[in-house]
Structure formats: C-alpha cells, structure tokens
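Dear colleague,

I am passing on the structure we talked about, and it is placed just below so that you can have it open while you read. My notes on the fold and on the ligand sites follow after it.

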Amino acid sequence: MLRGFSHGNLEDISPDLGLDVPSGQMRRSLPRADLSRIVRHDHIVQEVIVKNTMALSVPQSLLHGSSRSRSPSLCLPRGLPNSADLGEALEPGPRAEPRVVMSSQGRSLQRSTTHSSAAAARELKPFATADIKILLLENVNTAGQDILRQQGYQVEALKSSLPEAELIEKIQDVHVIGIRSKTQLTKKVIDSAPNLLVIGCFCIGTNQVDLKHAAQKGVAVFNSPFSNSRSVAEQVISEIIALARQICDRSMELHQGKWNKVSAGCWEVRGKTLGIVGYGHIGNQLSVLAEAMGMRVIFYDVVNLMSMGTAHQVSTLDELLQQADFVTLHVPELPETENMISTEQLNKMKDGSYLLNLSRGSIVDIQAVIDASRSGKLAGAAFDVYPNEPAANGDYFNNSLNQWTDALNSCKNFILTPHIGGSTEEAQRAIGVEVADALVQYVNYGTTLGACNMPEVNLRSLTADEPNHVRMVYIHQNVPGVLRRVNEILGDHNVDKQMTDSRGDVAYLMADISNVNQQQIKDIYVALEELSSRIRTRVLY
Ligand SMILES: NC(=O)C1=CN([C@@H]2O[C@H](COP(=O)(O)OP(=O)(O)OC[C@H]3O[C@@H](n4cnc5c(N)ncnc54)[C@H](O)[C@@H]3O)[C@@H](O)[C@H]2O)C=CC1
Ligand SMILES: O=C(O)CCC(=O)C(=O)O
C-alpha cells in the first residue's frame with residue numbers, strides 16, 4: 001500500500017548526478033555555479049522515470065514535531081496526510097513498469113538499459129508532491145510551469161507581480177515562490193512565509209531578493225545566470241544602430257504623418273568605439289557582435305578579464321568615458337554601482353556620444369541624463385530599466401511612477417523600452433526550464449548546485465537498492481564546533497557519504513545514512529534540531 005503520497009506516481013532518475021564536466025562545455029569566465037548547472041542539465045536529460053518505484057511516508061510528528069517553537073524547521077509541508085510508521089514506510093512499495101517520458105528539455109527519454117532498476121537513483125520525497133505549493137509571479141514561461149506541474153506540485157501562476165500586502169498574504173502557505181525582476185522579496189516578506197523552502201528567480205538579477213536574510217532563514221535562492229544574455233546583447237546592438245541613425249524618432253514622426261528625410265547627425269557604426277561597462281556574460285556577447293560590425297571595443301570591469309577578439313580592457317571608468325562613442329552599462333545592482341553614471345561622468349563623455357542602460361534603473365541618474373540631452377552633450381540614449389517599474393502591463397509610465405517621466409519622454413533620440421532585454425521566446429523558455437529544474441532538485445533531493453545564497457552541495461543519489469537510507473540536510477550557522485556536535489549525533493550511525501560547505505554565516509550539510517529505522521531518524525532529527533546552531537533540518541528518504 002502506498003502511504004504518504006496522494007499521487008502514487010513516483011519517479012526515479014538516472015543514477016548519475018555526478019560532477020564530471022563534459023568536455024567542450026567549459027568556457028572562459030564561466031563561474032563555478034554555472035559549470036555545475038551545465039553538468040546537472042547534462043544528467044537531467046538522461047532521466048528515466050519509473051512509476052511507483054518506492055513509496056515512503058513520514059509520521060506527522062516528524063513533519064511538525066520540532067522540539068522548539070521556532071518557525072517550522074523540518075522542511076516538510078503542513079497538512080500532510082497522517083501516515084504510518086516509518087519502519088513500514090521504508091519498505092519498497094509496488095514496482096510498476098517503467099515508462100518513457102519527455103525530459104524537461106522536451107526530448108524523448110529512453111528507458112535506461114545500462115542500469116538495473118535496483119541501482120536506479122531513488123527519488124527522495126517524504127511528502128506528497130501534491131502538498132507542495134508553488135506560487136509563480138510575473139508570467140513565468142510555461143515550459144518552467146510544466147516541469148513543476150509534472151512533479152505533481154500545486155502550481156499557481158500569475159501574470160503580474162503583487163503589491164507587498166497581497167504578497168505577504170499569499171506567501172504564507174507557499175513552499176516555493178518563483179519571481180522575475182519586479183517582485184521584492186524583502187526581509188518582511190520572507191519572514192511572513194513560514195513554509196518557504198526555496199525561491200526561484202526566473203531571470204539573471206537577484207537584487208530584488210534579500211539573499212542574506214533568505215540564507216539565514218534556510219531558504220535557498222536560484223536564478224538563471226546566463227540564459228537571457230544573448231537576448232540582451234542583441235537588443236543593445238539593435239539600439240546602437242537605431243541611435244546612430246535616429247531611426248526611432250524618424251519612425252515616430254512618420255507614424256504621425258511627418259516625412260523627415262535627413263542625414264545630419266546620422267552615422268554608421270563601423271569604426272566607432274563601443275565602451276562596455278561590466279564585461280560579464282552580456283558584455284562578452286556584445287563585444288563579439290560589435291566587433292563583427294566593425295566597431296572598436298573597449299571595456300571597463302572591476303575584475304581583470306581576458307578580452308574577446310581584439311577588445312581592450314581599460315583601467316578606469318573615466319578612460320572608457322573619454323574614448324567611447326557609445327557607452328553601454330552591464331553591471332549588477334550593488335551599492336557601488338548606484339548612480340555610477342551621473343553629471344560628473346556624463347561631463348567626461350565625448351560630445352555627441354550615446355548612453356545605453358539595460359542593466360538596472362539605480363545605476364544611472366536619469367535626471368542628469370535628461371540635462372545632458374538638453375545641453376546637446378548626448379546625441380541620444382536608450383533605457384530599458386528604471387528606478388521604479390510598474391508591477392504589471394498598462395498605462396503606468398508617468399510622473400507618478402518616476403518624477404522625470406514626462407521630461408524623459410520629450411528627449412530627442414531616446415529609445416525607451418519596458419524592461420524587455422531578456423524578453424525573447426528563446427530566453428524565457430531556457431530560463432523557465434533551468435530554474436524549474438533547479439527548484440525540483442532542491443525540493444526533492446536537497447541539491448544546492450547553482451544556488452545564489454548558499455554553499456553548493458550535492459551528493460550522488462540514493463538508489464532503489466538502498467531502501468533504509470535517509471538523507472539528512474542540515475542548514476546551520478557557520479560557527480566553531482558545530483560540525484563536531486553534528487557528527488557526534490550522526491556518528492552513532494553508518495554515514496555512507498557526507499558533504500558540507502559554508503558561505504558566509506551559513507553552512508549546509510548533507511549526509512546519507514544507511515540502515516536507519518523510524519525511531520532512529522526521529523532521534524537524529526530531534527537531536528539536530530536541538531543544536532543552537534540549527535537553521536533548518538530536512539529529512540529526505
Ligand atoms: N534588461 C534586462 O532585461 C536584463 C538586465 N540584466 C542586468 O544586467 C546585469 C549584468 O548581467 P550579466 O552580464 O549577466 O552579469 P555578469 O555577472 O555576468 O557580469 C557583470 C560584470 O560586471 C562587473 N562589475 C561588477 N561591479 C562593477 C563595477 N562597479 N564596475 C565595473 N564592473 C563591475 C563584474 O565584474 C562582471 O564582470 C545583471 O546584473 C542584471 O541586472 C540582465 C539580464 C536581462
Ligand atoms: O525578464 C525579466 O523579468 C527580468 C530580466 C532581467 O532583468 C534579469 O534577468 O536580470
């Protein structure tokens with residue numbers, strides 16, 4: 001009999017979730033997190049899903065039985081069905097015939113012939129997947145929604161962001177939240193989500209989330225570090241040409257019936273200098289595309305980086321501003337990048353040059369840019385991002401949103417777009433798949449590969465021939481002596497494998513323990529929960 005699962009539709013994945021980097025995948029400037037993500041995806045497409053392989057249940061006492069009255073510590077949802085004792089639950093359930101399914105990338109997955117079903121990786125879900133509540137805001141791509149729904153999770157997907165009060169109300173019983181760039185997950189919002197396990201940012205930027213506070217509450221955060229980089233770079237290229245030729249102004253005039261055939265102040269981009277501020281994923285793509293159009297590329301970055309093609313790194317922002325015909329900004333939102341371009345920097349730019357900002361609204365002092373346009377210093381500008389952006393589509397771009405909006409609208413040769421740098425079908429689908437996969441890996445297996453605010457920890461999968469194993473995930477304060485105390489608790493048992501790592505104040509430990517029964521699991525859980533360093537304990541088996 002299946003217990004603890006309202007959907008008797010468990011899945012096994014292929015055994016190998018190892019960390020070998022596939023040859024040819026590595027490229028320069030790819031951070032560790034990105035490499036891990038690539039590796040994980042390579043294995044995910046090998047998934048062979050097997051129906052009803054193993055049925056396990058968890059007693060209610062384990063689900064909610066924290067020995068202290070903190071916010072829920074065991075990362076299991078409330079309201080789970082009462083279940084039988086773990087001794088029985090740890091017996092394998094009925095095994096059904098394997099079925100061939102589609103991978104999260106939409107490719108057909110063949111039933112594995114290389115591994116026996118006994119050695120197949122076991123899915124670790126001590127809860128009914130249908131009890132996992134997911135709230136997706138800001139029109140997350142359906143490819144991502146489908147992956148989450150296929151897991152059996154409850155998924156509510158809204159097209160827009162939510163105002164804070166509504167968000168606080170809605171997030172209270174949610175285990176997973178998915179957002180894009182608009183939704184602000186502040187300390188206050190995170191604190192009102194006692195069940196929250198994980199946050200998925202279906203975008204690159206994570207400045208909208210209080211990453212540190214989330215980590216301190218044991219909430220992991222994932223993003224998609226480069227799936228929309230190419231889309232942003234292509235938009236920048238189109239805007240460089242459009243600015244140089246004043247195409248948007250001519251188009252607007254003609255829409256209004258005005259024929260205005262002029263060449264004064266219109267230029268080719270060939271031979272002009274592009275200055276890229278922030279030479280990361282987007283800056284790199286842009287560099288290659290711009291050189292292909294015959295532009296000279298210089299860049300400024302706080303890190304010393306290898307140039308793409310014949311691009312040249314300059315030592316200071318001032319140097320870049322003085323040389324570039326087009327200055328384009330691709331830095332993250334940080335305290336150091338706030339108002340990085342204001343009157344002082346604009347004055348250093350070449351007369352008749354252009355400014356593009358497709359990074360974050362806080363990086364440019366827009367009033368200063370309006371003044372520079374009026375004085376003739378700038379020949380044009382392109383903005384995709386603004387200090388305040390509406391939560392939904394509609395007639396919201398006015399002075400009550402940002403006080404200078406009317407003035408900005410009146411500037412000549414200004415291209416204004418509604419934060420669409422990453423908004424292509426390709427990018428949104430890739431982001432949807434990548435972040436949804438990361439959420440599934442975290443909820444089901446505790447894997448933090450690619451997390452933005454937690455150490456990256458992974459263990460090879462438990463397999464179906466290891467039925468009495470348990471995976472303990474222990475998120476704790478990174479303080480002296482804690483590992484000794486944790487290992488005193490685990491040390492009475494056979495720890496098959498264990499990995500621990502820390503990031504700042506928070507450490508993450510994952511341990512697979514063999515031959516444990518219900519009472520022993522409960523004892524381990526209670527003992528870990530009683531340590532003063534505990535942030536969150538999860539039991540997966
Ligand atoms: N408009 C849109 O739809 C999109 C906007 N973005 C924004 O673009 C930003 C950049 O994206 P990626 O290139 O993927 O990021 P990235 O992290 O790959 O690269 C950012 C680069 O900026 C550099 N940097 C950091 N602080 C700096 C400073 N003070 N001065 C100079 N360089 C500095 C870093 O060293 C890094 O090389 C994101 O953080 C995000 O806010 C990203 C995607 C879409
Ligand atoms: O597409 C979005 O909503 C956000 C794009 C963006 O700014 C990002 O990926 O950081």
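**The sheet and its helices**

Strand β6, which covers residues 273-277, and strand β7, which covers residues 296-300, run parallel to each other and are joined by five bridges. Please keep in mind throughout that this is a predicted model. Within this pairing, V277 has Y300 of β7 as its bridge partner. Helix α10 (residues 281-292) packs on the sheet, where it touches β6, β7 and β9, and its direction makes about 175° with that of β6.

The two strands belong to an open sheet of seven strands with parallel pairing, in the order β8-β7-β6-β9-β10-β11-β12. The edges are taken by β8 (312-313) and β12 (414-416), and because each of these has a single partner strand, one side of each is left without a neighbour in the sheet. A further helix, α8 (residues 229-244), lies across β6, β9 (326-329), β10 (353-357), β11 (378-383) and β12, and runs at about 150° to β10.

**Ligand 1**

Ligand 1 is surrounded by 25 residues, of which the closest are H281, I282, D301, L358 and D384. By character, this shell divides into 12 nonpolar, 10 polar and three charged residues. As for individual polar contacts, a nitrogen atom of ligand 1 lies 3.0 Å from a backbone N or O atom of L358, while an oxygen atom of the ligand is 3.4 Å from a polar backbone atom of G421. The side chain of H419 also takes part, with an N or O atom 3.5 Å from an oxygen atom of ligand 1. Taken alone, ligand 1 exposes 860 Å², and the protein buries 86% of that area.

**Ligand 2**

The residues surrounding ligand 2 are R180, S181, C203, I204, G205, N228, R360, H419 and Q428, and they divide into two nonpolar, five polar and two charged. H419 appears again here, since an N or O atom of its side chain is 2.6 Å from an oxygen atom of ligand 2. In addition, a polar backbone atom of G205 lies 2.7 Å from an oxygen atom of the ligand, and an N or O atom in the side chain of N228 is 3.0 Å from an oxygen atom of ligand 2. On its own, ligand 2 has 290 Å² of accessible area, and the protein covers 91% of it.

With best wishes

Technical notes. Residues numbered from 1 in each chain as written. Chains lettered and ligands numbered in written order. Predicted model: local features only at pLDDT ≥ 70, side-chain atom pairs only at ≥ 80, totals over all residues. Heavy atoms only, no water. Pairing = 2+ DSSP bridges. Helix = DSSP H or I, 4+ residues; strand = E, 2+ residues; numbered from the N terminus. Contact = heavy atoms within 4.5 Å. Axes fitted to C-alpha atoms, helices over the stretch in contact; angles between N-to-C directions. Near = heavy atom within 4 Å. Polar contact = N/O pair within 3.5 Å; in protein donor to acceptor, adjacent residues only side chain to side chain. Areas by Shrake-Rupley, 256 points an atom, 1.4 Å probe, with all protein chains shown as cover. Nonpolar A, V, L, I, M, F, W, Y, C, P; charged D, E, K, R; others polar.
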